[in-house]
Amino acid sequence: MKIQRIPKPLPFDPESGQNIILDSIADGVFTVDQDWRITSFNRAAQEITRVSREEAVGQMCKDVLKADICEKNCCLRMTMKTGKPIINKKVNIIDADGRKLPISISTALLRDGKGKLLGAVETFRDISVEEDLRKTIQAKYSFEDIISKNHQMLRLFDILPDIASSSSTVLIEGESGTGKELVARAIHNLSPRKRHPFVAVNCSALPDALLESELFGYKAGAFTDAKKDKPGRFRAAENGTLFLDEIGEITPAMQVKLLRVLQEKTYEPLGATRSVEHNVRIIAATNKNLEDLVRQNRFREDLFYRINVFKIHLPPLRERMEDIPLLIGHFIGRFNILQKKNIEGVSDEAMALLMAHRYPGNIRELANLIERAFILCKEGRIEKKHLPDFLFAANASPDGKIAASFRDLEADYLQNALRRNNGNLPQTARQLGIHRSTLYRKLKALKLSPND
Amino acid sequence: MKLALSVFKNCISTVFDSSDQLLILETEDANGTKRTTVRIDATDPAGHAARLRDQGVAVLICGAISRPMQMAIASLGIAVYPFIRGTVEEVLAAYQSNRLGQAVFSLPGCHGRGNGGNSRGRGMRCRWRQTGGHER
Ligand SMILES: Nc1ncnc2c1ncn2[C@@H]1O[C@H](COP(=O)(O)OP(=O)(O)O)[C@@H](O)[C@H]1O
Ligand SMILES: [Mg+2]
């Protein structure tokens with residue numbers, strides 16, 4: 001009689017041993033073979049997808065995960081094809097209860113000890129809490145695409161709907177690039193006129209005669225080349241909003257005409273015998289201080305009062321530095337979408353440089369800096385090396401003056417950095433990306449002390 | 001009557017919310033059926049639902065569907081068979097012979113209507129219900 005060999009029990013079941021490890025991980029983890037069939041499925045994966053391990057193992061991963069990208073942009077397929085891992089890609093899944101969840105997924109190839117391809121592994125995290133938070137923060141600090149947490153700007157967000165619902169003329173003052181046109185568009189979009197056109201005209205770009213025909217149009221025969229009637233911008237903006245940019249630049253003659261248009265709500269196309277009624281809301285903008293221009297007799301007082309029913313002042317970016325990180329995040333998000341990239345943010349050093357700059361071109365300049373960095377930065381974070389050289393030097397002089405020498409530049413630069421870090425030397429060195437001893441040496445050579 | 005299947009290639013599309021193709025079957029007479037494919041370009045529940053209504057769809061068979069989406073569609077009186085998987089032909093045959101309730105046609109984790117067999121009670125069973133008119 002043969003003795004039946006009973007297999008000796010192993011100290012642990014290799015399979016359940018693996019499960020214990022996988023189950024202890026907070027992220028959802030599953031593995032697939034080369035046919036996309038699930039070979040293991042941890043506890044967190046069950047909780048996120050609401051699919052049990054028994055039901056998941058052996059199934060196609062797309063049927064289990066139920067993500068919006070599974071059919072057309074499968075991440076595992078991409079990883080198997082390129083061999084490159086995917087890190088923290090945001091996708092939406094629908095769990096077995098019909099709940100839609102945002103998750104962040106990462107993938108990598110799975111090879112055996114000899115390097116033979118076994119399949120792939122995907123880890124994922126429920127990010128609904130983070131997403132909600134991000135959206136709340138965004139909603140709080142943004143209004144119709146205008147991003148800010150500056151107190152002046154938040155006050156503006158509060159009154160913008162009321163300004164929009166009236167049909168009064170609005171004057172927006174602010175340096176170039178502070179968002180005047182953005183605010184004008186927001187007012188239009190919030191107003192009862194939103195279904196009608198928003199038309200922008202830059203008043204400084206055209207000489208008087210052209211500006212007049214541009215605004216009011218002309219009749220055939222009004223001048224030699226006028227073969228046909230041409231409607232003007234007022235006509236184009238009928239029932240909508242006309243944005244008159246750089247209003248401070250118009251000539252006295254034009255000021256008189258505009259005053260009449262605003263007072264009488266009519267205008268005369270060139271060569272016309274009758275005036276035309278209009279229903280156009282005017283939003284004017286200027287990068288000058290119109291009151292100053294009035295005082296200097298360069299702008300008519302009566303026109304000023306006509307326009308200045310509501311005045312909105314947009315502070316320059318250097319007066320709302322707290323917005324810089326927020327705006328950087330906003331622009332990175334926007335360029336990521338536009339350029340199908342996945343830039344994660346800016347390094348501390350790069351942020352320090354961006355925070356130290358004076359931004360004469362305001363938000364437009366910041367947007368351009370980020371756009372430029374996107375050209376140089378392929379992945380990961382925007383680093384110092386992706387920023388233009390002038391930031392390294394120019395930000396050194398706090399009053400915007402050109403510094404006398406390189407020595408002054410460097411001294412200013414270091415002093416600014418120290419001030420930002422409250423005189424903390426190690427922190428300053430880290431932010432500048434130089435060694436602590438280098439910083440000591442430089443300070444000594446420049447005869448500076450941390451508390452200057 | 002018009003029957004719509006949310007499809008990708010020759011299968012039921014896994015996620016209805018992000019799918020963009022409908023196969024519409026219209027029974028013309030005793031044995032003639034007209035098939036047309038239409039695109040859905042909406043991404044929001046109301047848009048999807050309106051598209052189905054515009055097509056005159058009475059029954060929808062689809063893959064995973066979010067609750068707001070299912071509710072929007074059911075509110076227009078369209079019967080929804082959700083969390084279905086399989087090839088178009090298999091699913092159609094099953095629908096016609098009343099076998100869509102079989103486990104093979106359910107996405108993993110989503111079968112279990114009337115299936116009390118799972119003793120562990122971990123709440124992994126599917127809690128969906130077919131919504132709309134055609135309860136079977
Ligand atoms: N607060 C803001 N949030 C987001 N983007 C802004 C903000 N302010 C300005 N921008 C962006 O900066 C650029 C310049 O704004 P713009 O309205 O043209 O300025 P201005 O008319 O004052 O010169 C635009 O691309 C605009 O979208
Ligand atoms: Mg402008």
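Which helices and strands of chain A each supply at least two residues of the shell around ligand 1? In this predicted model, the elements that do so are the strand β7 (146–147) together with the helices α8 (180–190), α14 (323–339) and α16 (362–376), each of them in chain A. At the level of domains, the shell takes at least three residues from domain 2 (136–314) of chain A and at least three from domain 3 (320–391) of that chain.

In total, ligand 1 is surrounded by 16 residues, of which the closest are Ile147(A), Gly177(A), Lys180(A), Leu182(A) and Arg364(A). When these surroundings are sorted by class, six residues of the shell are nonpolar, five are polar and five are charged.

Contacts with the protein backbone involve oxygen atoms of the ligand at three consecutively numbered residues. A backbone N or O atom of Lys180(A) lies 2.8 Å from an oxygen atom of ligand 1, while a polar backbone atom of Glu181(A) is found 3.1 Å from an oxygen atom of the ligand, and for Leu182(A) the corresponding separation between a polar backbone atom and a ligand oxygen is 3.0 Å. Ligand 1 taken alone exposes 560 Å², and 87% of that area is buried by the protein. With regard to the pockets of the model, the space that ligand 1 takes up is the second largest pocket.

Methods:
Residues numbered from 1 in each chain as written. Chains lettered and ligands numbered in written order. Predicted model: local features only at pLDDT ≥ 70, side-chain atom pairs only at ≥ 80, totals over all residues. Heavy atoms only, no water. Near = heavy atom within 4 Å. Polar contact = N/O pair within 3.5 Å; in protein donor to acceptor, adjacent residues only side chain to side chain. Areas by Shrake-Rupley, 256 points an atom, 1.4 Å probe, with all protein chains shown as cover. 1 Å grid on protein atoms, 1.4 Å probe; cavity = no way out; pocket = protein on both sides within 12 Å on 5 of 7 lines; lining within 4 Å. Sits in = over half its atoms within 2 Å of the grid points. Helix = DSSP H or I, 4+ residues; strand = E, 2+ residues; numbered from the N terminus. Nonpolar A, V, L, I, M, F, W, Y, C, P; charged D, E, K, R; others polar. Domains from an automatic or database assignment.
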